[in-house]
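User: I am new to reading protein models. Please take one part and look at it closely with me.

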Amino acid sequence: MEAMTPALFLDRDGILNVRIVDDYVRSPDQLVPVFDLVPLLALAKHRNWPLVIISNQQGVGKGLMTTMDLDLVNEALCAAFETKGIRFDRIECCTDLATASSRRRKPQPGMLLDAAAALNISLPSSWFIGDSLSDAQAGRAAGCRTILVGEFDSIHADVVVPDLGCIPTSIFDV
Ligand SMILES: [Mg+2]
């Protein structure tokens, strides 16, 4: 069996693209990619760390969009980042409603656990970058290290930074 690898887990909305407040990115024309993390993602790639998107998308569960719509948005996101030389290794989306008891919907850790099993990821040496408390909660529940971007108290994550450009490259130090 191959050695386990660290990974960089990434929330999508608010981290890789502009979040639409109180709504969902329902179609590619509503997608505004954010490339602030490209240098950090390139460093991860250079170290052969998989890049894994971890995203709640209950707009599907609500019937506001279809899984096809979601796939098209994700394809557009991947295409945008490929123009910057960044390829994502896996995308995990949970379309369950917040009201459903879902093992995958953040703050539950199921999406991280499933990706870790599929890609042989070492969770304790991985990081999850998000912009919601539920991201840090899911990351901690999965046993990985957490970064919150935004105005958060430092108790909520291992690293709290005011914006995407402030994430320290020391996260790659083992
Ligand atoms: Mg988010």
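In which loop does Asn120 lie? Please start there and work outwards into the helices and the sheet.

Analyst: Asn120 lies in the loop between helix 4 and strand 4. Keep in mind that this is a predicted model. Asn120 comes right after helix 4. Its backbone has a positive phi of about 60°, although Asn120 is not a glycine. How enclosed is it? Residues with 12 or fewer C-beta neighbours within 10 Å count as exposed, and those with 20 or more as buried. Asn120 has 13 such neighbours inside 10 Å, so it counts as partly exposed.

Ser125 is found in the same loop, between helix 4 (110-119) and strand 4. Ser125 has 14 other C-beta atoms within 10 Å, so it too is partly exposed. For a sense of scale, take Ser125 and Leu31. They are 94 residues apart in sequence, and their C-alpha atoms are 31 Å apart in space.

Now step back into helix 4. Its buried residues are Met111, Leu112, Ala115 and Ala116. Seen down the helix axis, these residues fall within an arc of 130°, so they line one face of helix 4. There is a simple reason for such a pattern. An α-helix has 3.6 residues a turn, so residues three or four places apart point the same way. What does the buried face of helix 4 pack against? Its partners are strand 1, strand 2, strand 3, strand 4 and helix 5.

Before helix 4 comes another loop, which links it to strand 3 and holds Pro107. The peptide bond from Lys106 to Pro107 is cis, with omega near 15°.

Next, the sheet. It is open and has six strands, in the order 3-2-1-4-5-6, with parallel pairing. Strand 3 (90-94) and strand 6 (159-161) stand at the edges, and each has a single partner strand, so one side of each is left without a neighbour in the sheet. From one strand to the next, the twist averages 20°.

Follow the chain out of our loop and you reach strand 4. Strand 4 pairs with strand 5 in the parallel sense, over four bridges. Within this pair, Ile129 stands opposite Ile147 of strand 5. Helix 5 joins the picture here. Together, strand 4, helix 5 and strand 5 make a right-handed β-α-β unit.

Strand 5 deserves a pause. Five of its five residues are buried, so strand 5 is largely enclosed by the rest of the structure. Both of its faces are covered. Arg145, Ile147 and Val149 are buried on one side, and Thr146 and Leu148 are buried on the other. The alternation follows a general rule. In a regular strand, the side chains alternate between the two faces of the sheet. On to the edge: strand 5 pairs with strand 6 over three bridges, again in the parallel sense. There, Leu148 has Val160 of strand 6 as its bridge partner.

Now cross to the other edge. Strand 2 (residues 51-56) and strand 3 pair in the parallel sense over five bridges. One match to find is Val52, whose bridge partner in strand 3 is Arg90. Helix 5 (residues 133-142) packs on the sheet and touches strand 1 (8-10), strand 4 (127-130) and strand 5 (145-149). The direction of helix 5 makes about 175° with that of strand 5.

Helix 3 makes a useful comparison with helix 4. Helix 3 (residues 67-82) has 16 residues, which should span 22 Å at 1.5 Å a residue; its end C-alpha atoms are 22 Å apart, which agrees. Its buried residues are Leu70, Val73, Asn74, Leu77 and Phe81. They cover an arc of only 95° around the axis, which puts them on the same side of helix 3. Part of their cover comes from helix 2 (58-61) and strand 3. The face turned away from this buried side carries the exposed residues Met68, Asp71, Ala79 and Glu82.

One last stop takes us back to the backbone. Asp22 also has a positive phi of about 60°, and it is not a glycine. Asp22 sits in the loop between strand 1 and helix 1 (38-46). With 5 other C-beta atoms within 10 Å, Asp22 is exposed, whereas Asn120 counts as partly exposed.

Methods
Residues are numbered from 1 along each chain as its sequence is written. This is a predicted model: local features need pLDDT of at least 70, side-chain atom pairs count only at pLDDT 80 or more; totals for chains, interfaces and linings use all residues. Two strands pair if DSSP finds at least two bridges between them. Helices (H or I, at least four residues) and strands (E, at least two) are DSSP runs, numbered from the N terminus. Axes are lines fitted to C-alpha atoms, for helices over the stretch in contact, and angles run from 0 to 180 degrees between N-to-C directions. Two residues are in contact if their C-beta atoms, placed from the backbone, lie within 7 Å. The expected span of a helix is 1.5 Å times one less than its number of residues. The arc is that of the directions from the helix axis to the C-beta atoms. A crossover is right-handed if, with the strands pointing away from the viewer, the path from the first strand over the helix to the second runs clockwise.
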